[in-house]
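Please open the viewer and keep the selection panel at hand. We will go from stop to stop, with something to select at each one.

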Amino acid sequence: MDRLFVTGGARLDGIVRVAGAKNSALKLMAASLMAPGRSTVRNVPRISDCAVMAEMLEHFGVEVIQEGDTFALDASDVVDVEAPHELVRAMRASIVVLGPLLARCGRARVSLPGGDEIGARPVDLHVRGLERMGATVGAEHGFLVAEAARLRGAPITLDYPSVTATENLLMAAVLAKGTTVIDNAAREPEIADLAMFLTSMGARIAGAGSSTIEIDGVDALEPADHTTLPDRIEAGTWAAAAVATRGDVTVSNAVPEHLELLLSKLSDAGAAVSFGDDGLRIRQEGRVRAMDFVTLPYPGIATDFQPILMAMLATADGTSIATENVFEARFLYVGELLRMGADIRTEGHHAVIRGVERLSAAPVRALDIRAGAAMVIAGLCAEGVTEVADMQHVDRGYEDFEAKLERLGAEVRRERELVTLP
Ligand code: UD1
């Protein structure tokens, strides 16, 4: 349970390069299960979630060879179809192995993820979609058990454009018999990235990245080689941190089209945003201006940005209103910001943020990946040294987080928890 000590008052300045997208790499790694032979996934971020996914694949019998940010994944033999509780507990996104295992092996047992710090996060949409494709899905002893000798293509309309449900159903449909049409599909760029990888494996997919995806099932897939797209959430985190600290940061390797609405909101807050050969440059002079924002499925503002924008607006000039539409309990971390002197009131899905002149350092906790990043940003805007506990959450999603912060001029120090052996 590492702690990060963040000295307040730094103005972030310089260039930061974003890693590959966590929410893409995890699905690409899971998709490698579907093709016998050796696939390669490049530009995988060096974060603990990807290490958990590698461990999960090894557990199924995949040979995993990692060289830097490249993973060679040999799925010639898949010998186990059970995703164990220890790994699913460490990473809820493990649910994305359900579709690939079922499609490849005709059977999958995935531990039920349970709740977490941002709400209940059910998997009913995954289950109903697979049932539409002819699978039998049940729950026993805390596991979701799915079976289907061969899935059948089917029309599926999602009640809500869930990201991982869309991905599970997309992967399952690729090896199904016949055509599947997923309506009200999630449109996140990571879904189009996954579809590109599957297409290079031999899948037949049209419309990924739009709300209707059509998949013509094929009998088998071939291994393929794919480079993960850049992480838009990491890019947006640095952009918002630049604004919060009145800095001047160039975010290289970012894809501006994936950040359109966020960048327009940062402009509303007073930032100058420009695009050059080096990447995306964000400069903020003077105090952040208050602004309202609403989280929505893509292309709306990602729910992952919500805590980060709240930390940024905590010291804004004026009152902002944030509306969280994606997860029902994503304001739990607000209590930590209050401990730093923020003036925020939440009511259901809304938060009213009255900007204060300055935050004051306090010991706080990282409740999840993005709330953790938000605490560090708040710490940069606070008077004194903020101690952020439970940094392991941040390590799940950000590669080299504090090294990047230091290169941008922040003063941070990690204290590792010493494990005493019996
Ligand atoms: C993914 C991302 C996560 C991001 C989120 C929303 C990964 C690994 N994680 O999570 O970082 O914050 O998208 O952009 O890609 N829901 C149901 N039933 C279901 C599935 C979802 O009711 O079967 C609800 C959830 O409770 C939530 C909403 O749908 O309220 C959105 O969840 P979803 O899009 O599924 O998020 P994840 O795929 O878990």
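The tour starts at the ligand and then moves on to the strands.

Two notes before we go. This is a predicted model, in which local features need pLDDT of at least 70 and side-chain atom pairs count only at pLDDT 80 or more, while totals for chains, interfaces and linings use all residues. Residues are numbered from 1 along each chain as its sequence is written, and side-chain values use heavy atoms, with hydrogens and water left out.

**Stop 1: the ligand and its shell**

Select the ligand and the residues near it (those with a heavy atom within 4 Å of it). You should have 18 residues, the closest being Asp 124, Ser 162, Thr 164, Asp 304 and Val 326. Colour them by type: 8 are nonpolar, 5 polar and 5 charged (Ala, Val, Leu, Ile, Met, Phe, Trp, Tyr, Cys and Pro count as nonpolar, Asp, Glu, Lys and Arg as charged, and the others, Gly among them, as polar).

Now show three side chains that reach oxygen atoms of the ligand with N or O atoms within 3.5 Å, the cut-off for a polar contact. Asn 23 has a polar side-chain atom 3.0 Å from a ligand oxygen. For Lys 27, the distance from a side-chain N or O atom to a ligand oxygen is 2.7 Å. At Thr 164, a polar side-chain atom lies 2.6 Å from an oxygen of the ligand. How much of the ligand does the protein bury? Of the 740 Å² that the ligand exposes when taken alone, 87% is buried (Shrake-Rupley areas, 1.4 Å probe).

Next, display helix 1 (22-31), helix 5 (124-132) and helix 6 (163-174), the elements that give two or more residues to the shell. Helix 5 supplies the largest share, 3 residues. Helices here are DSSP runs of H or I with at least four residues, and strands are runs of E with at least two, numbered from the N terminus.

**Stop 2: an open sheet**

Select strands 2, 15, 17 and 16, which form an open, mixed sheet in that order; strands pair if DSSP finds at least two bridges between them. Strand 2 (13-17) and strand 16 (272-276) are the edges. Within the sheet, strand 15 (248-252) and strand 17 (279-283) are antiparallel over 4 bridges, and Asp 248 has Arg 283 as its bridge partner.

**Stop 3: strand 25**

Finally, select strand 25 (385-389), which runs antiparallel to strand 1 (3-7) over 4 bridges. Leu 4 is bridged to Val 388. Strand 23 (363-365) joins strand 25 in parallel through 3 bridges, with Pro 363 partnered by Glu 387.

How values were computed:
A polar contact is a pair of N or O atoms within 3.5 Å; within protein, one must be able to donate a hydrogen and the other to accept it, and residues adjacent in sequence count only if both atoms are side-chain atoms.
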